[in-house]
Amino acid sequence: GSPEMIVQNMPGAGGLIAANHMYGVAKPDGLTVGMLSYGMYLDQLVGRKEVQYDVRKFSWIGSPEKSEVLMYMRSDTPFKTIEDIRKASTPPKCGSTGTAGTDYILARLLEETLDVKIDTVLGYPGGSEIDLAVEKGEVQCRGLTAAPYFGREPFISWRKRNFVNVLIYGGVKRDPRIPDTPTIYEIFEKEKTPEESRRVADVILRGGDFGRPWVMPPGTPAERVKETRDAYAKAMSDTALLDEAKKNKMDVEFVSGEELQQLAERMINQPPAVIARVKKLLGQKK
């Protein structure tokens, strides 16, 4: 048919307001779907009092992508590897929007699991301002998700003139676009990082596998969930859609609703010691 789609933006609290709405207000009739922030499971895991949802109970539909993180560094610095940072008498300065930003969290994760010191400069209004600060030499590095790094300026021009290098990649496997950049998991293996630290990293990094997830409210009839999952999977394999995404330099890596459901369970079901360290890393009280 010709369904009418009504789009309602619901800003606030990093997507937490929208997640609470989808969980407790939206009717579970299959007529409301929400695209939520991939990091919402962290708010639940660390016990933020504003959370009124359980990510394990959403009806997960699918996601068009995964959101791996990386850290870039100016090429004219002495920091070519994580080991270079560890040995440095003066740590590199990385820009950040604030303590909830990907840039800040990635820096703290590297300190927590790999014993490196990064001097994070807080307070930039957004990523573009951090990138400008890197160009000016105010800071030397930034952590961000991979999609904008590979898909837009100034990064396209920066890569052409070797202005920056990617120091570390958060994916499970190396990205073929930066084949010489090690994954954090490779470094863990090389340095024999303890299992608990690896699980802390997994909680932070693998959340990116949620990408930009679509959900329906808990209690949505199973047949409607299956119908919507199947339709979304079909759309994500549509040749015209994929061609359009490629033309606009948008990466598509479909994640099924079933995979998202398993991921939600895995992220929340963590040992107390891991949860305590994640709380510390994110600045939450125990």
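## Close-up views of a predicted model

**View 1. Ser63 stands opposite Val255 in strand 9.** Welcome to this predicted model; we start where strand 2 (residues 59-63) meets strand 9, an antiparallel pair joined by two bridges. Helix 10 (residues 222-235) packs on the sheet here and touches both strand 2 and strand 8 (214-216). The direction of helix 10 makes about 5° with that of strand 2. Helix 12 (residues 257-268) lies across strand 2 and strand 9, and its course runs at about 115° to strand 2.

**View 2. Four strands form an open sheet in the order 1-8-2-9.** The pairing in this sheet is antiparallel. Its edges are strand 1 (34-35) and strand 9 (255-256), each of which pairs on one side only. As a reminder for reading such a picture, strands of a sheet pair through backbone hydrogen bonds, either parallel or antiparallel.

**View 3. Strand 3 (residues 69-74) is mostly covered, with six of its six residues buried.** Take a look at the two faces in turn: Val69, Met71 and Met73 are buried on one side, and Leu70, Tyr72 and Arg74 are buried on the other. Strand 3 has antiparallel company in strand 6, with five bridges between them. Within that pairing, Leu70 has Leu144 of strand 6 as its bridge partner. Strand 7 (residues 164-169) also runs antiparallel to strand 3 and is joined to it by five bridges. Here Tyr72 can be found opposite Val166 of strand 7.

**View 4. A disulfide joins Cys94 to Cys141, with an S to S distance of 1.9 Å.** Cys94 belongs to strand 4 (residues 93-95) and Cys141 to strand 6 (residues 141-145), so the bond ties together parts that are 47 residues apart in sequence. The structure holds one disulfide, and the link of Cys94 and Cys141 is left-handed, with -110° about the S-S bond. Are the two cysteines buried or exposed? Cys94 counts as buried because its relative accessibility is 2%, and Cys141 is buried too, with a relative accessible area of 0%.

**View 5. Helix 13 (residues 272-281) has buried residues Val274, Ile275, Arg277, Val278, Lys279 and Leu281.** You will spot two charged-residue names, Arg277 and Lys279, in that buried set. Which helices do the buried residues of helix 13 pack against? They pack against helix 2 (40-45), helix 4 (102-114) and helix 9 (195-205). Just after helix 13, Gly283 takes a positive phi of about 80°, a handy spot to check when you look at the backbone torsions.

**View 6. The largest nonpolar core holds 56 residues.** The members that touch the most other members are Trp60, Leu110, Leu114, Ile184 and Val278. Helix 4 gives the most to this core, with six residues. To follow one member more closely, centre on Ile184: leaving aside residues up to four places away in sequence, Ile184 touches Leu109, Leu110, Thr113, Leu114, Ile168, Tyr169, Gly170 and Leu205. Apart from the largest core lies another, of 18 residues, including Leu70, Val134, Ala146 and Phe150. Leu70 brings us back to strand 3, where Leu70 shares one buried side with Tyr72 and Arg74.

Technical notes: Residues are numbered from 1 along each chain as its sequence is written. This is a predicted model: local features need pLDDT of at least 70, side-chain atom pairs count only at pLDDT 80 or more; totals for chains, interfaces and linings use all residues. Side-chain values use heavy atoms; hydrogens and water are left out. A disulfide is a pair of cysteine sulfur atoms within 2.5 Å. Buried means under 20% relative accessible area, exposed over 50%, partly exposed in between (1.4 Å probe, protein chains only). Two strands pair if DSSP finds at least two bridges between them. Contact means heavy atoms within 4.5 Å. Axes are lines fitted to C-alpha atoms, for helices over the stretch in contact, and angles run from 0 to 180 degrees between N-to-C directions. A nonpolar core is a set of buried Ala, Val, Leu, Ile, Met, Phe, Trp, Tyr and Cys residues joined through side-chain atoms within 4.5 Å.
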